[in-house]
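Reader: I am a first-year student and I should be grateful for a close look at one part of this protein. Could you choose the part, describe it carefully, and then set it within the rest of the chain?

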Amino acid sequence: MRAALLRVSLAGCEYPAYDGDMTLAHIADNPPSQGWDLHCHTVFSDGRQTPADMVREACALGLHGVAITDHDTTAGWNDAATAATEYGLHLVRGTEVTADADGVSVHMLAYQYDPHNREISGLFAKLRRARLERTKRMVELISKDYPITWDDVLAQIREGDETTVGRPHIADALIAAGAYPDRSAAFNGAVGSRSPYYIPTPSPDAAVKQAGGVSVIAHAGDPSRNAVLLSDDQIGQLIDAGLDGLEVWHRGNPPQQRRRLLDIASRHHLLVTGGSDWHGQGGKPNRLGENLTDDETVRSIVERGAIPLI
């Protein structure tokens, strides 16, 4: 699939994206020391803690707000909204969608889109089914060399059918079997993208163009995720298709990649965001709030989006 077809939460048929007249956020050269964590996962995908846990911890840390961005689902949005109202913390609603651009894995953070849009709802259902089949196949391969079964993987799921099942649940099964001490070790081993058992994530189709909201490429400069990173030209194709921003402030982006992404963002007037990629205690080592997005950028996201801020 060409990169130009991977428009996640771009201009939709009902809700227009950025039209050139809305607020342009200032691009800073350094990560903000306070603000919003716009990249968090909960038990509704591959996180270890609930949306309420996420909101409570964000509030305790003094964050200005937080975003829920589980993979291919909005299932945790209501719980997160309830907790945000209870704790008096602002909430950005989003989803992380995995795509492919000429063989390079692309993770797109889709913010503030209409969850009732039929195209995006159908897309997420399709992606969850495809992820499930892919995960089953990986377990078949891994189980030839490691003592785990599909039932062991299912035992790691916290929210039943509402959970987006994926590699982290295989990792948890391997940890439970004693094959690895934690998720980081498992992802450096059997479930990693360079493992012989690895099967790529299925790509979304062109229906993703129809969702309203704001799109940001997550951790675009992280060499641990792709042997070959998105090139400037590939990012340019996504910009031409309506991309809104780049997640620059992420622990996976090394300094030289941060500089490259900042330069691209400056030249093309893109939003620059930051997020922890938090998965909760026992998930990844990423700490909630370790990378943040400034207030001005969040205002731009909300202004461009299809739904109000919680």
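Author: In the protein chain, 77% of the contacts with a separation of 6 or more are between residues 24 or more positions apart. The model is a predicted one. The chain holds nine helices and seven strands, and 54% of its 310 residues are buried. The part chosen here runs from helix H7 to the loop that follows strand E7.

Let us begin with helix H7, which covers residues 232–240. Gln234, Ile235, Gly236, Leu238 and Ile239 are buried in H7. An α-helix has 3.6 residues a turn, so residues three or four places apart point the same way. Just after H7 comes Gly242, with a positive phi of about 115°.

The next element to consider is strand E6, residues 245–249. Strand E6 runs parallel to E7, and four bridges join the two. One pairing can be followed by name: Gly245 has Leu271 in E7 as its bridge partner.

Helix H8 consists of residues 255–268. Its axis and that of H7 come within 12 Å, crossing at roughly 35°, and the crossing is right-handed. On the H7 side, the residues that meet H8 are Asp232, Ile235 and Ile239. Their counterparts in H8 are Arg260, Leu261, Ile264, Arg267 and His268. Sorted by class, the residues of this contact are four nonpolar, one polar and three charged. Ile235 and Ile239 thus appear in two descriptions: both are buried, and both take part in the contact with H8.

Strand E7, residues 271–274, can now be examined by its two faces. Leu271 and Thr273 point one way, while Val272 and Gly274 point the other way. In a regular strand the side chains alternate between the two faces of the sheet. In E7 the residues on both sides are buried.

Beyond E7 lies the loop that leads to helix H9 (295–304), and Asp277 is found in this loop. Asp277 has a positive phi of about 65°, although it is not a glycine. Asp277 counts as buried because its relative accessible area is 2%, under the limit of 20%.

A residue elsewhere in the chain may be set beside Asp277. Asp72, in the loop between strand E2 (65–68) and helix H2, is likewise a residue other than glycine with a positive phi, in this case about 55°. Asp72 is classed as buried because its relative accessibility is 1%.

Another pair of helices may be set beside H7 and H8. Helix H3 (residues 118–142) packs with helix H5 (residues 167–176) at an angle of about 30°, and their axes are 10 Å apart. H3 also passes H5 in a right-handed crossing. From H3, the contact draws on Arg134, Thr135, Met138, Val139 and Ile142. From H5, Arg167, Ile170 and Leu174 take part. By class, this contact has five nonpolar, one polar and two charged residues.

Note on methods. Residues numbered from 1 in each chain as written. Predicted model: local features only at pLDDT ≥ 70, side-chain atom pairs only at ≥ 80, totals over all residues. Heavy atoms only, no water. Axes fitted to C-alpha atoms, helices over the stretch in contact; angles between N-to-C directions. Left-handed = near helix turned anticlockwise from the far one by under 90°. Contact = heavy atoms within 4.5 Å. Nonpolar A, V, L, I, M, F, W, Y, C, P; charged D, E, K, R; others polar. Buried < 20%, exposed > 50% of the residue type's maximum accessible area, 1.4 Å probe, protein only. Pairing = 2+ DSSP bridges.
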